[in-house]
Amino acid sequence: MTRSVPEWRGKTDNHMPPATVRQRILERANFKCWICEGEIDKPGWHADHVPPLKDGGENRESMIKPAHAVCHRRLTARQAIERAPIERKKMKQSGAIRPAGKIRSAPFPKADKPKREGKTALPPKQLFSNTRRSA
Ligand SMILES: [Zn+2]
């Protein structure tokens, strides 16, 4: 019979489980990757949060499963692609992303032309002087 140990909880989401906890996680999963169900026989496996922290998962021992580094990266990349349009929509709604295109300003107001009062029109001027002499 094994001694019962209190569940490990990360103080923050960035806290990594210590080696003893990682060992417990691996043994609990029978040394199998939770994604491909293949055997984990090499060091360098990842402690994956299931469900992901971003989707409401918690940084605690019972919510961490072992996964091959390759499997974990592939799954994380796929999740990021699936999440991208939703994230983009959220950022647009919050105003973190500016709307595409120019922000149009109001045009200058059209002023009425002042009327000429008390002034007479100047006589027309000859634009070009006739320098060529006719023979
Ligand atoms: Zn795997």
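**A spread-out chain with a small core**

Of the 135 residues in this protein, buried ones make up 7%. Keep in mind that what you see is a predicted model.

I'll start with the overall layout. The protein has two helices and two strands, and along the sequence they come in the order α-β-β-α. The radius of gyration is 37 Å, whereas the globule rule gives 14 Å for 135 residues, so the protein is more spread out than a compact globule. Taken along the principal axes, the box filled by the C-alpha atoms is roughly 125 × 45 × 20 Å. As for the contacts between residues at least 6 apart in sequence, 57% of them join residues at least 24 apart.

Next, the strands. S1 covers residues 46-49 and S2 covers residues 64-67. The two run antiparallel, and four bridges join them. One pairing to look at is Asp48, whose bridge partner in S2 is Lys65. The side chains of S1 alternate: His46 and Asp48 point to one face and are buried, while Ala47 and His49 point to the other face and are not buried.

Now the core. Which residues form the largest nonpolar core? There are five of them: Cys33, Ile40, Trp45, Ala67 and Cys71. In general, nonpolar side chains tend to be buried together in soluble globular proteins.

Two members of that core are worth a closer look. Trp45, leaving aside neighbours within four places in sequence, is in contact with Ile40, Pro66, Ala67, His68 and Ala69. Among these, Ile40 and Ala67 also belong to the core.

The other is Cys71, which sits in helix H2, residues 69-94. Is Cys71 buried or exposed? It counts as buried, because it has 20 C-beta neighbours inside 10 Å and the cut-off for buried is 20 or more. Not counting residues up to four places away in sequence, Cys71 touches Cys33, Ile35 and Cys36. Val5 is another matter: Cys71 and Val5 are 66 residues apart along the chain, and their C-alpha atoms are separated by 29 Å.

For contrast, take Phe128, in the segment after H2. Why does Phe128 count as exposed? Because Phe128 has 5 C-beta neighbours inside 10 Å, and a residue is exposed at 12 or fewer. From Phe128 to Lys54 the distance is 80 Å, C-alpha to C-alpha, with their positions 74 residues apart in sequence.

To recap: the chain is more spread out than a compact globule, and its largest nonpolar core has five residues.

Technical notes: Residues numbered from 1 in each chain as written. Predicted model: local features only at pLDDT ≥ 70, side-chain atom pairs only at ≥ 80, totals over all residues. Contact = placed C-beta atoms within 7 Å. Core = buried A, V, L, I, M, F, W, Y, C linked by C-beta atoms within 7 Å. Rg over C-alpha atoms; globule rule 2.2 N^0.38 Å. Pairing = 2+ DSSP bridges.
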